[in-house]
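Here are a few exercises on charged pairs and exposed side chains. Try each one with the structure open, then check the worked solution.

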Amino acid sequence: MTIASEAPGSAEYAAALQALDRRHLIHPHQNPTRTERNIFVRGKGSVVWDAADVPFIDGMAGGNWVVAVGHGRAELAEVAAAQAEKLEYFSLWREYSNEPAIRLGARLAELAPAGMSKIHFTSGGSDGTEAALKIARRYHFERGDTERTWIIGRQFGYHGTTLAGGSVSGMDDMHFGAGPTMPHVTKVSPPMVSHPEMFGGQDPTDFLLQELETEILRVGPEKIAAMIGEPVMGGGGVIVPPEDYWPRIRTLLSKYGILLIADEVITGFGRTGDWFASAHYSPDIIVTAKGISSGYAPLGAVLMRDEIGEVMVGNPEKFFFHGLTYSGHPVACALALTNLDIIERENILGQAKKIESWFTEGLDGIRNLPIVHDVRVHGAMVGIELTADPNTGEPMPFDRMVAIIDDLRGEHRVLARDYGPTLVVGPPLVLEQEQAAEISTAITDVLSRSIVR
């Protein structure tokens, strides 16, 4: 069977693509027990069609929180074509530059929290984490604090799967078989307020602040460069911290001269209803990707306080020797500029707040199901934590989580993700109210039929 011999949109065409995929591609996060392939060939708004021409509601914005302004935007396709015809590529290395990168840098400086006008472009979120960690260490080094090499992460934090990004992430499985992780990394507990047993009867923020300060003093504050954390922990299952958590973390880190890196790869550019979810607690560095271009081209950007940026480029003898071939790619930057225009013009930030209200109401009925431990909705981020035993709180095992996701896709044509024991929804920010209702109805049906064993 070959692709050329089959009619596009047919079951045979889809099967041929699946066979080629299994033969040649190694997927990110690939699990050998999952041999099925869901191959999508086109999309419009919040709907995608697979290779057999079956439509699905995209509840995960391209599979992993990316497509903010929706699929199939002709305006963005035209921008990409026009820029590629004008100048498809030129490096940003050393003294070279290109117009779209310059314009995008200026635009990001306008949107960023005050005093963050220095921008370093990357190809995506993992690259951004790598850059941010090096920038934090280099900043202290240039100021004479040469021992500040330690990074504080959090359990269940997700900052990419590269060596350094994986090392500061709190998911041990990604380290298996890869040898030693990056040294000088320590991790503290996440703000999982749905699990009060973690905090020994204390206020969660009080407990977590005490734990963090104890760890700072154990390592030695003079040895710590930065702490990295997501405003809302997407990879951990939409873990929303108490309102006072990040402002108090910020104050504590400042007390010891430790930088704060906000990983906004998921939350940036509107997913929580703001351009940046971390703006209210003044991080030193912000890592972005995903929504910056809505996935129409690979792109990321690291924003930093002006002082940090000036330190990065201030040593004439040892310049900032870091960058990527595709940093500031002209086509990607041109797309990002138009993507940001769409977000602003169509009030996508306000749409994220509407999506929050639709899911809050639509999923209210599942809160009393014995299978449901917690329902968390924040902007266009939904996390439904499931349990195999409501009496013990035992997390839902992998095989049953997969069965639930498969049921949503197979019976309701709704795409969602399983993040550990949490069912996660993060749709395009152009999701319509009727589509949100369909997703909520599908989830309610599937979970209601999932019997606790």
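A residue is called buried when its relative accessible area is under 20%, exposed when over 50%, and partly exposed in between. Keep in mind that this is a predicted model.

**Exercise 1.** Sort Arg148 and Asp145 by burial, and give the distance in their salt bridge.

*Solution.* Start with Arg148: its relative accessibility is 10%, under the 20% cut-off, so Arg148 is buried. Next, Asp145 comes out at 32%, so this residue is partly exposed. Finally, the closest N and O atoms of the pair are 3.7 Å apart, which fits within the 4 Å limit for a salt bridge.

**Exercise 2.** Work out which parts of the chain the Arg107–Asp341 salt bridge ties together, and how each partner is covered.

*Solution.* First, the contact: the closest N and O atoms sit 2.8 Å apart. Arg107 belongs to helix 4 (residues 99-111) and Asp341 to helix 10, so the bridge links distant parts of the chain, 234 residues apart. As for cover, Arg107 is buried at 12%, while Asp341 is partly exposed at 35%.

**Exercise 3.** Find the burial state of both partners in the Arg376–Glu385 salt bridge.

*Solution.* The two side chains meet at 2.9 Å, N to O. Both Arg376 and Glu385 are buried.

**Exercise 4.** Locate Phe321 and decide whether this residue is buried or exposed.

*Solution.* Phe321 lies in the loop between helix 9 (306-312) and helix 10 (330-345). With 63% relative accessibility, over the 50% cut-off, Phe321 is exposed. Phe321 also helps make a nonpolar surface patch of about 650 Å², along with Leu87, Phe90, Trp93, Tyr96 and Phe319.

Definitions and conventions:
Residues are numbered from 1 along each chain as its sequence is written. This is a predicted model: local features need pLDDT of at least 70, side-chain atom pairs count only at pLDDT 80 or more; totals for chains, interfaces and linings use all residues. Side-chain values use heavy atoms; hydrogens and water are left out. Patches are made of residues with over 30% relative accessible area and no salt bridge: like charges are joined within 9 Å, nonpolar side chains (Val, Leu, Ile, Met, Phe, Trp, Tyr) within 5 Å. Accessible areas come from the Shrake-Rupley method with a 1.4 Å probe; for residues, only the protein chains shown count as cover. Helices (H or I, at least four residues) and strands (E, at least two) are DSSP runs, numbered from the N terminus. Buried means under 20% relative accessible area, exposed over 50%, partly exposed in between (1.4 Å probe, protein chains only).
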